[in-house]
Amino acid sequence: MKMIHTTAAQSINLKGQIMTFDRPIIMGILNVTPDSFFDGGQNNTIEQIIIQTRKLLEEGADIIDIGAYSSRPGAALISSQEELDRALPAIAALVSTFPDAILSIDTFRADVAEACIHAGVHLINDVSGGTIDPLMFETVAKLQVPYILMHMRGIPENMQQLTAYQDIVSDVATYFGQKIAALRKLGVKDIILDPGYGFAKTIEQNYELLHRVDELHYFGLPILGGVSRKSMIYKKLGITPQEALNGTTALHTLLLSKGVQLLRVHDVKEAKQIVDLLFS
């Protein structure tokens, strides 16, 4: 399989540390929620959070992405305070136990993002692309941290009812163009694009976006692929999320072949093996 190598300047500034994308980056998922679709409730104590984080780091995760709010389709809304009550103790434990680890907070709330950055997190992963909280872009600009800009419509409760597009890739690109312009105007320097697989998209739209994701290199920004164990795999194959590792590996290989620079994954060891095979 021919690998695509992008020529854009691919790096982000993480509190003075420069992370480059000469080789794909692996973001390990750490959900501290009771209801995430695959691992909800597994990391509900500080001890379990530390054990799981150690495992992710030892297997090769470059970034730990902490989620304290489930954004799965149909997920119930929780308050900012409840999200913070889950996230902040986890962050404090990880900063103390793994001081060199790079941490991301998966949130669409500006107040949660700001509190987590001050607690020691390095970047913000916003599934809503700033559409749910109008203060998010200003907050990112004020904090001057890298921002993962994802495509989504609506909120997790109703996003799967908002799947009407003229052309999924062109519509996502238009969305990104508008959002990038707004972020640049505010002075945000480091932006990563996430096409938002599974968010306000049908299974067919997800696969079209997967096969044409290389078109998004037009923006010259790093692209993140988040397909790990998602319904676009297990529903298409008629299996469960627990059985979707093989399908996940197949799609990760396809994403890397199209020049995607970050993989957000539940299974770090297997993702690292793909990177080692294709980029060594």
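**Briefing: cores, overall form and two buried polar residues**

Leaving out residues up to four places away in sequence, L149 touches G129, F137, F176, K179, I180, L183, I191, I192, L193 and D194. The model is predicted. L149 is also among the residues with the most contacts inside the largest nonpolar core, together with I66 and I124.

**Nonpolar cores**

- The largest nonpolar core has 79 residues.
- Helix α5, which covers residues 168-186, gives the most to this core, with seven residues.
- A second core of 13 residues is separate from the largest one, and M19, I63, L123 and I192 are included in the second core.
- I192 thus appears twice in this account: as a residue touched by L149 and as a member of the second core.
- As general background, nonpolar side chains in soluble globular proteins tend to be buried together.

**Overall form**

- The protein contains nine helices and ten strands.
- Its radius of gyration is 17 Å, close to the 19 Å that the globule rule gives for 280 residues, so the protein is as compact as a globular protein of that length.
- The C-alpha trace spans about 40 × 40 × 40 Å along the principal axes.
- Of the 280 residues, 56% are buried.
- Among contacts with a separation of 6 or more, 70% come from residues 24 or more positions apart.

**Surface and charge**

- The accessible surface of the protein is about 11700 Å², and carbon and sulfur atoms account for 52% of that surface.
- The protein carries 24 positive and 31 negative charges, and the mean positions of these two sets are 3 Å apart.

**Q10**

- Q10 lies in the segment before strand β1, which comprises residues 11-14.
- With a relative accessibility of 9%, Q10 counts as buried because this value falls under the 20% cut-off.
- Beyond its neighbours within four places in sequence, Q10 is in contact with M19, T20, F21, G220, L221, P222 and Q261.
- One of these contacts, M19, is included in the second nonpolar core.

**K230**

- K230 is placed in the loop between β9 (224-225) and α7 (231-237).
- The relative accessible area of K230 is 15%, so K230 is buried under the 20% cut-off.
- K230 and T163 are separated by 67 residues in sequence, and their C-alpha atoms are 17 Å apart in space.

Notes. Residues are numbered from 1 along each chain as its sequence is written. This is a predicted model: local features need pLDDT of at least 70, side-chain atom pairs count only at pLDDT 80 or more; totals for chains, interfaces and linings use all residues. Side-chain values use heavy atoms; hydrogens and water are left out. A nonpolar core is a set of buried Ala, Val, Leu, Ile, Met, Phe, Trp, Tyr and Cys residues joined through side-chain atoms within 4.5 Å. Buried means under 20% relative accessible area, exposed over 50%, partly exposed in between (1.4 Å probe, protein chains only). Helices (H or I, at least four residues) and strands (E, at least two) are DSSP runs, numbered from the N terminus. Contact means heavy atoms within 4.5 Å. The radius of gyration is taken over C-alpha atoms; the globule rule is 2.2 Å times the number of residues to the power 0.38. Accessible areas come from the Shrake-Rupley method with a 1.4 Å probe; for residues, only the protein chains shown count as cover. Lys and Arg count as positive and Asp and Glu as negative; His and the chain ends are not counted. The place of a charge is taken as NZ of Lys, CZ of Arg, CG of Asp or CD of Glu.
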